[in-house]
Amino acid sequence: MTTAEAAAPESRTFEADVAKLLHLMVHSVYSDKDVFLRELISNAADACEKLRYEAITTPALLGEDARPRITLAIDAEGGRLTVEDNGIGMSRDEMVEALGTIARSGTKAFMERIEAAAGGEKAELIGQFGVGFYSAFMVAEKVDVISRRAGADTANIWSSDGKGAYTVGEIDVAQAPARGTRVVLHLNEDGKAYADRFRLERIVKEQSGHVPVPIYIVEKLDAEPEEIADGVALWTKSKSDISAEDYADFYRSVAGQFDQPALTVHFRAEGRHEYTALVFVPSTKPFDLFEPERTGRVKLYVKRVFITDDAELLPRYLRFVRGVVDSADLPLNLSREMLQDSAILAAIRKGVTGRVLTELEKLAQSDAEAYAGIWSNFGAVLKEGLYEDYERRAQLLNLARFKTTTSGTAADSGWRTLKDYLADLKENQTAIYYITGDLARVEHAPQLEGFRARGVEVLLLPDQVDSFWVTAGVDYEGKPFKSVTQGAADLSLIPLPKSDEAETPEPEAKDTGDFIAFVKETLGDQVADVRASDRLTTSAVCLVAPESGIDRRLEKLLASAGRLGDAAKPVLEINPRHPLVAALAAHGASDSDFRADAAHLLLDQARVLDGDQPSDPQAFAERLMRVMQRGLPAA
């Protein structure tokens with residue numbers, strides 16, 4: 001398995017992203033190098049699986065060598081390690097595309113994450129970003145890739161030292177695999193530790209022992225290959241024959257991550273449709289969790305033949321799930337159109353989705369702490385199902401966990417369920433109240449004051465998706481969801497504690513009514529209405545959305561995305577019991593200029609409390625200066 005120089009090779013430079021990535025690989029991820037072997041074996045296994053798929057329609061591609069395999073060959077004396085497969089192989093153009101560029105999205109995110117990461121986390125990031133081949137340069141001063149595509153009459157060699165350029169050219173087929181790819185690592189000084197059979201065998205068994213392709217090792221030149229992994233697909237085995245370590249190893253292989261799975265779901269469906277599913281919920285967030293495409297990462301097999309990792313085997317709100325589904329019923333020659341229209345695939349999707357959600361429910365009941373970890377990582381994604389999946393909305397609502405005005409927002413504070421919420425409803429409370437926005441801000445929002453005074457619990461919803469699912473006509477056990485920043489609060493029906501009622505002075509109704517009418521007339525079309533508030537206790541003012549409008553945070557999200565026309569005018573609520581409001585109301589109507597300044601300042605104060613800026617900063621500054629000067633004694 002020696003390399004040869006390409007005849008008249010063409011020299012090229014890496015794309016800028018690849019060049020930077022290679023530098024990061026060598027200088028930032030160097031502390032944990034074992035990952036390179038898992039990544040090269042994973043690529044080799046994918047190549048074997050792709051050949052099995054193409055051979056369904058073109059059996060001649062297999063020739064007389066039908067059994068897939070991956071071979072590790074050690075040349076300790078020469079300082080080389082070879083990883084070879086007899087899979088589909090690559091043409092010259094495919095080599096340039098696969099090894100000279102990074103087509104997968106997220107490269108920039110990877111670089112930012114890996115530069116910011118510390119220690120072992122860096123190695124964990126490699127597989128997540130689909131750039132595993134380049135990890136070879138952590139242990140090699142030069143890498144040769146010799147490949148011959150199945151059925152082709154030519155072979156090619158790609159070579160690089162990982163320092164900014166590579167060569168690619170044709171090679172004599174006698175010096176290439178009959179088909180497939182041979183990756184030759186010319187090990188650097190530190191990397192020579194990998195020219196050791198026992199170290200390689202340990203890494204394979206720990207990280208790649210369950211790939212569905214047999215793995216062999218050749219301990220020295222001209223030695224016979226010895227099998228070190230049998231290539232039996234883990235999902236085909238009985239659960240009783242699989243250890244937790246086996247599941248974890250397979251998870252890391254299929255997910256490209258180094259964490260432990262937070263939940264393992266392994267089952268075989270029989271009856272009308274037969275299939276096996278082995279899927280995992282990670283314990284850390286995959287990097288691509290919020291990519292716009294929101295695609296899943298579950299691989300589809302048919303009778304152990306890899307078909308695609310692009311089939312929608314789970315709804316998008318479960319895209320963090322990793323694993324495989326193997327169908328016994330689907331035809332092997334599946335086209336993309338057949339995947340989209342397949343009733344069998346739809347049934348599989350429904351079955352696997354239901355099972356995953358059921359297992360999450362069981363975990364939530366049996367181990368609340370473990371489930372809380374899953375919710376912390378993936379709750380924002382699961383909540384997308386509340387908006388998109390009406391059929392399973394009730395189940396997802398039971399899975400949902402919330403920070404509330406009762407639980408607090410600290411990371412170590414407890415999560416509340418909707419059942420918990422309903423158990424603590426107050427007298428005459430007819431809705432489930434919520435507020436959307438950043439936790440640090442909304443926890444102190446003035447709109448919450450009246451609810452807190454009455455002991456009414458309010459859900460604190462920080463994720464962008466929260467602004468959407470609550471508008472989808474959702475209710476829980478007959479109780480609708482109602483925003484505390486929209487419409488009337490209707491808090492007068494919920495009694496205050498007697499001590500609070502006794503201590504709250506009643507304002508002069510006529511003075512307050514006259515002042516509110518004046519403010520409304522002064523502000524004109526800047527607001528939809530001005531009214532006395534029953535939701536404020538300590539703040540003077542706040543803004544809320546009209547009853548017939550949309551929640552103010554949703555309005556802001558739509559506006560920032562360019563999906564909103566004219567914004568609705570807000571409602572200004574004034575607290576009649578606040579000392580400032582009472583003083584302004586009692587001030588009288590003789591000083592109309594001062595009262596007009598006060599009216600505008602109250603509106604700007606409400607805007608600031610709502611996270612906005614005054615609509616006219618210059619006018620705000622001038623009014624504030626006039627009011628402050630008025631309060632100073634004459635010089």
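**A mixed sheet, its aromatic surroundings and the salt bridges**

In this predicted model, five strands form an open sheet in the order E10-E11-E14-E12-E13, and their pairing is mixed. Strand E10, residues 261–269, and strand E13, residues 305–308, occupy the edges, and because each has a single partner strand, one side of each is left without a neighbour in the sheet. From one strand to the next the twist averages 20 degrees. At the E10 edge, 8 bridges join E10 to strand E11 (residues 275–282), and these two strands run antiparallel; within this pairing, Arg-268 has Thr-276 in E11 as its bridge partner. Helix H9, which spans residues 343–366, packs on the sheet and touches E10, E11, strand E12 (297–302) and strand E14 (322–327), with its direction making about 135 degrees with that of E10.

The aromatic side chains offer a second way into the model, for which a search of the whole structure finds 16 aromatic pairs. One of these is formed by Phe-133 and Phe-137, whose rings are edge-to-face, 6.5 Å apart centre to centre and with 90 degrees between the planes. Phe-133 counts as buried because its relative accessibility is 9%, and Phe-137, at 3% relative accessibility, likewise counts as buried. Another pair leads back to the sheet: Tyr-251 and Phe-280 are tilted, with 5.4 Å centre to centre and 55 degrees between the planes. Since Tyr-251 lies in helix H7 (residues 244–255) and Phe-280 in strand E11, this pair ties together parts that are 29 residues apart in sequence. Both Tyr-251 and Phe-280 are buried, and they belong to one aromatic cluster that also contains Trp-235, Phe-250, Tyr-301 and Phe-306.

Charged side chains make further links, and across the whole structure a search finds 43 salt bridges. Glu-54 forms one of them with Arg-149, the closest N and O atoms being 3.4 Å apart. This pair links distant parts of the chain, for Glu-54 belongs to helix H2 (residues 35–57) whereas Arg-149 sits in the loop between strand E4 (140–148) and strand E5 (155–160), 95 residues apart. Glu-54 counts as partly exposed at 29% relative accessibility, and Arg-149 counts as partly exposed at 22%. A salt bridge between Asp-75 and Arg-80, with the closest N and O atoms 3.2 Å apart, has a buried residue at each end: Asp-75 counts as buried at 11% relative accessibility, and Arg-80 counts as buried at 17%. Elsewhere, Arg-197, Glu-201, Lys-205, Glu-219 and Glu-226 are linked in a network of salt bridges.

A further salt bridge brings in helix H21, where Asp-597 is joined to Arg-626 with the closest N and O atoms 2.8 Å apart. Because Asp-597 lies in H21 (residues 592–609) and Arg-626 in helix H22 (residues 617–631), the pair ties together parts that are 29 residues apart in sequence. Asp-597 counts as buried at 10% relative accessibility, whereas Arg-626, at 39%, counts as partly exposed. H21 itself has 18 residues and reaches 26 Å from its first C-alpha to its last, close to the 26 Å expected at 1.5 Å a residue. The buried residues of this helix include Phe-594, Arg-595, Leu-601, Leu-602, Leu-603 and Asp-604 as well as Asp-597. H21 is followed by Gly-611, whose phi is positive, near 90 degrees.

Conventions: Residues are numbered from 1 along each chain as its sequence is written. This is a predicted model: local features need pLDDT of at least 70, side-chain atom pairs count only at pLDDT 80 or more; totals for chains, interfaces and linings use all residues. Side-chain values use heavy atoms; hydrogens and water are left out. Two strands pair if DSSP finds at least two bridges between them. Helices (H or I, at least four residues) and strands (E, at least two) are DSSP runs, numbered from the N terminus. Axes are lines fitted to C-alpha atoms, for helices over the stretch in contact, and angles run from 0 to 180 degrees between N-to-C directions. Contact means heavy atoms within 4.5 Å. A salt bridge is a side-chain nitrogen of Lys or Arg within 4 Å of a carboxyl oxygen of Asp or Glu. Buried means under 20% relative accessible area, exposed over 50%, partly exposed in between (1.4 Å probe, protein chains only). The expected span of a helix is 1.5 Å times one less than its number of residues. Rings of Phe, Tyr and Trp (its six-membered ring) pair if their centres lie within 6.5 Å; planes under 30 degrees apart count as stacked, over 60 as edge-to-face and the rest as tilted.
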